[in-house]
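Here are my notes on the model you asked me to look over. Please read them with the sequence and the structure open side by side.

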Amino acid sequence: MRFLHIGSVVALVGSAIYGRLVLTPVLNTLPEPERLRAASDAQGRFRTVAYVLLAVLVGAGLYNLLTGPRHSSAWQMWFGIKMLAVLHFLATSVLWAVSPYGDAVVGGKGKRRLASLAISGLVAILISSYLRYLTQHGG
Ligand code: HEM
C-alpha cells in the first residue's frame with residue numbers, strides 16, 4: 001500500500017511538472033487551431049490515467065491511515081495540514097482533468113493549474129516525509 005500510495009504520487013506530480021515545464025509551452029508555440037486540437041488530444045490521453053491514479057492515491061492513503069498505529073497530537077496536527085494541501089491537490093486535479101484544453105492558451109488566456117498541482121503536491125510530499133519521521137520516532 002505504501003508502494004501504491006507513493007507510486008501514484010510520483011506519476012501524478014511528475015506528470016504535472018512535465019506538463020507545466022514541457023508540454024504546455026510546446027503546445028503554446030502552435031497556431032491556435034492546431035494547438036486546440038493537440039491540447040484536446042493530450043487531455044483525452046491522460047484524463048482516465050489521472051482518475052485511476054487519483055483513486056489509487058486516495059484509496060491507499062486511507063488504507064495507510066486506518067491501518068496505521070495510534071499517533072501523537074503533533075502527528076495529527078501535521079496530518080490535518082497535509083489534508084489542506086491534499087484537498088487543494090485533489091480539487092485542482094479534477095478541475096484540470098475536466099477542462100477540454102488543460103493549461104494551453106485559448107483565446108489569449110492560459111491557466112496555471114499544473115503549476116498549482118506541482119506545488120501543492122510537493123508540499124504534501126514534504127509534510128508526508130515529516131509524518132513518516134514522526135511515526136518512526138514514536139509519534
Ligand atoms: C486522502 C488522501 C490521503 C491520505 C488519507 C493520505 C494518508 C497518508 C498516510 C496515513 C501516510 C503515512 C504517514 C506516516 O508514515 O506517518 C501517508 C504517506 C505519504 N503520503 Fe499520503 N495521503 C493522502 C494523499 C496524499 C497526496 C495527495 C500526496 C502527495 C501529493 C501524498 C504523499 C504521501 C507520501 C509521499 C507519503 C510517504 C511518506 C513516507 O513514507 O516517507 N499523500 N499518506
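The points below go from the whole chain to the metal site and then to single residues.

1. Before anything else, please keep in mind that this is a predicted model, and that every distance, angle and accessibility quoted here was computed from its atoms.

2. On the overall fold, the chain contains four helices and zero strands, so that the order of elements, read from the N terminus, is simply α-α-α-α. The C-alpha atoms occupy a box of roughly 55 × 20 × 20 Å when this is taken along the principal axes.

3. As to how the chain is packed, 32% of its 139 residues count as buried, and the accessible surface amounts to about 8300 Å², with 69% of that area belonging to carbon and sulfur atoms. If one takes the contacts between residues at least 6 apart in sequence, 82% of them join residues that are at least 24 apart.

4. The charged side chains deserve a separate remark, since the chain carries 13 positive and 4 negative ones. The centres of these two sets lie 16 Å apart.

5. Which residues coordinate the iron atom of the ligand? The model gives H5, through NE2, and K82, through NZ, with distances of 1.8 to 2.0 Å. These two residues belong to distant parts of the chain, for H5 sits in helix α1 (residues 2-27) and K82 in helix α3 (residues 73-98), with their positions 77 residues apart in sequence. Both H5 and K82 are buried.

6. Why is the arrangement around the iron atom of the ligand called octahedral? There are six donor atoms, and they subtend angles of 84 to 179° at the iron atom, which makes the arrangement octahedral. For comparison, the ideal angles for six octahedral donors are 90 or 180 degrees.

7. Helix α3 also holds T92, which counts as buried because its relative accessibility is 9%, under the 20% cut-off. Once its neighbours within four places in sequence are set aside, T92 is in contact with R113, S116 and L117. As helix α4 comprises residues 113-136, these contacts of T92 may be inspected together with those of L134 in the next point.

8. L134 is placed in helix α4 (residues 113-136), and with a relative accessibility of 11% it counts as buried. If residues up to four places away in sequence are not counted, L134 touches A74, W75, W78 and G139. The C-alpha atoms of L134 and S72 are separated by 8.5 Å, although the two residues are 62 apart along the chain.

9. Is Q136, another residue of helix α4, buried or exposed? Q136 counts as exposed because its relative accessibility is 53%, and exposed means over 50%. The C-alpha atoms of Q136 and A97 are separated by 36 Å, with the two positions 39 residues apart along the chain.

10. In helix α1, the residue to look at besides H5 is L27, which is buried, with a relative accessible area of 9%. L27 touches R35, A38, A39 and A104, again without counting residues up to four places away in sequence. L27 and D103 are 76 residues apart in sequence, while their C-alpha atoms are 9.4 Å apart in space.

11. Finally, V58 represents helix α2 (residues 32-67) in this note. V58 is partly exposed because its relative accessible area is 32%, a value that falls between the 20% limit for buried and the 50% limit for exposed. The C-alpha atoms of V58 and L4 are separated by 9.9 Å, and the two residues are 54 apart along the chain.

Methods. Residues are numbered from 1 along each chain as its sequence is written. This is a predicted model: local features need pLDDT of at least 70, side-chain atom pairs count only at pLDDT 80 or more; totals for chains, interfaces and linings use all residues. Side-chain values use heavy atoms; hydrogens and water are left out. Buried means under 20% relative accessible area, exposed over 50%, partly exposed in between (1.4 Å probe, protein chains only). Contact means heavy atoms within 4.5 Å. Accessible areas come from the Shrake-Rupley method with a 1.4 Å probe; for residues, only the protein chains shown count as cover. Lys and Arg count as positive and Asp and Glu as negative; His and the chain ends are not counted. The place of a charge is taken as NZ of Lys, CZ of Arg, CG of Asp or CD of Glu. Donors are N, O and S atoms within 2.8 Å of the metal (3.2 Å for Na, K and Ca); water is not among the atoms, so sites may look incomplete. Four donors count as tetrahedral if all angles lie between 85 and 135 degrees; four count as square planar and six as octahedral if opposite donors are over 155 degrees apart and all others between 65 and 115; anything else is irregular.
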